[in-house]
Amino acid sequence: DRLPILISFAVGPLLGAVYLDILPHAFGEAENVRTMAATVLGGILLFFVVEKLVLWRHCHEEQCEAHDPHRPANDHGRSALMITIGDTVHNFVDGILIAAAFLADVQIGIVTALAIMAHEVPQEVGDFLILLNSGYSKRKAFAVNMLTSVAMVVGGLVGYAALSVLEQWIPTLLGLAAASMLYVSVADLIPGLHKRPELHHSAAEIVLIGFGIAAIGLAHVAVQHVH
């Protein structure tokens, strides 16, 4: 089963998107750095509570996986729920940003849209793998990815209609999106990788995480050349 190894690649785009894209943008737009940091911290705690609620529900419906040392590889939808929430919020904000760029200048809007699409490709691949790891079929994982992408269109339409109202909320929304992706990668995915401590598995995981981060970094380099 190659899925646990491929999850390593999913970690890379998540961490890359958070630290190379979302958080720099969020802190750049925020009026107060400390408030922005508190938003990210609050988001991490929020998603911790969400995961606890999902676990509580699961433990009341069947044998609790948290008490089973031989639990299956998938996480019964916990990561899927949080990554879907975070990706939807992120895509919604991206839609608002694209709308704002087009309102400023058509050329800037086109460049912004291309840049966001370049960032989304490796991240969406990672999200797809996370959904598979949560027990989703390939068809269902693809459908969920498509639905979260619709949030970008909704964000664009809403942003075009009410940009002045939503602009002040962009840093907060970005902070919450970053918190969800950071929580999923660090709290849910990385601990699972430690269950395969063999040297060849560990080396492959490190390389794939690096590739995932590099994919986000290369997207930034490509966008800079376009500019």
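**A seven-helix predicted model**

Let me start with one residue, Val-150, which sits in helix H5, covering residues 138–166. Keep in mind throughout that this is a predicted model.

Is Val-150 buried or exposed? Neither: its relative accessible area is 44%, and because the partly exposed class runs between 20% and 50%, Val-150 counts as partly exposed. Val-150 also belongs to a nonpolar patch on the surface, together with Leu-147, Val-154 and Val-158. The area of that patch is about 330 Å².

Now the whole chain. The protein has seven helices and zero strands, so to speak an unbroken row of α in the pattern α-α-α-α-α-α-α. There are 227 residues, and 45% of them count as buried. The accessible surface comes to about 12,100 Å², with 68% of it belonging to carbon and sulfur atoms. If we take contacts between residues at least 6 apart in sequence, 82% of them join residues at least 24 apart.

Next, the inside. Which residues touch the most other members of the largest nonpolar core? They are Leu-14, Ile-83, Ile-130, Val-184 and Leu-189, out of 46 residues in that core. Each of the helices H1 (3–29), H2 (33–61), H3 (78–104), H4, H5, H6 (170–193) and H7 (199–226) supplies at least two residues to it. H1 gives the largest share, eleven residues.

Take Leu-189 as an example. Setting aside neighbours within four places in sequence, Leu-189 is in contact with Ile-7, Val-11, Leu-14, Ser-79, Ile-130, Asn-133 and Val-184.

How confident is the predictor? The average pLDDT for the protein is 79, and 79% of the residues score at least 70. Among the elements, H5 has the highest mean pLDDT, 87, while helix H4, residues 106–133, has the lowest, 73. Over residues 65–73 the pLDDT is below 50, although this stretch still has nine contacts in the model beyond near neighbours in sequence. Where pLDDT is low, the predicted coordinates should not be read in detail.

One last residue, this time from H4: Ile-110. Its relative accessibility is 43%, so Ile-110 counts as partly exposed. Ile-110 and Ile-98 are twelve residues apart along the chain, and their C-alpha atoms are separated by 8.2 Å.

To recap, we have seven helices, a largest nonpolar core of 46 residues, and a nonpolar surface patch that includes Val-150. That is the end of my part.

Note on methods: Residues numbered from 1 in each chain as written. Predicted model: local features only at pLDDT ≥ 70, side-chain atom pairs only at ≥ 80, totals over all residues. Heavy atoms only, no water. Patch = residues over 30% accessible without salt bridge, like charges linked within 9 Å, V, L, I, M, F, W, Y side chains within 5 Å. Areas by Shrake-Rupley, 256 points an atom, 1.4 Å probe, with all protein chains shown as cover. Salt bridge = Lys/Arg side-chain N within 4 Å of Asp/Glu carboxyl O. Helix = DSSP H or I, 4+ residues; strand = E, 2+ residues; numbered from the N terminus. Buried < 20%, exposed > 50% of the residue type's maximum accessible area, 1.4 Å probe, protein only. pLDDT = per-residue confidence, 0-100. Contact = heavy atoms within 4.5 Å. Core = buried A, V, L, I, M, F, W, Y, C linked by side-chain atoms within 4.5 Å.
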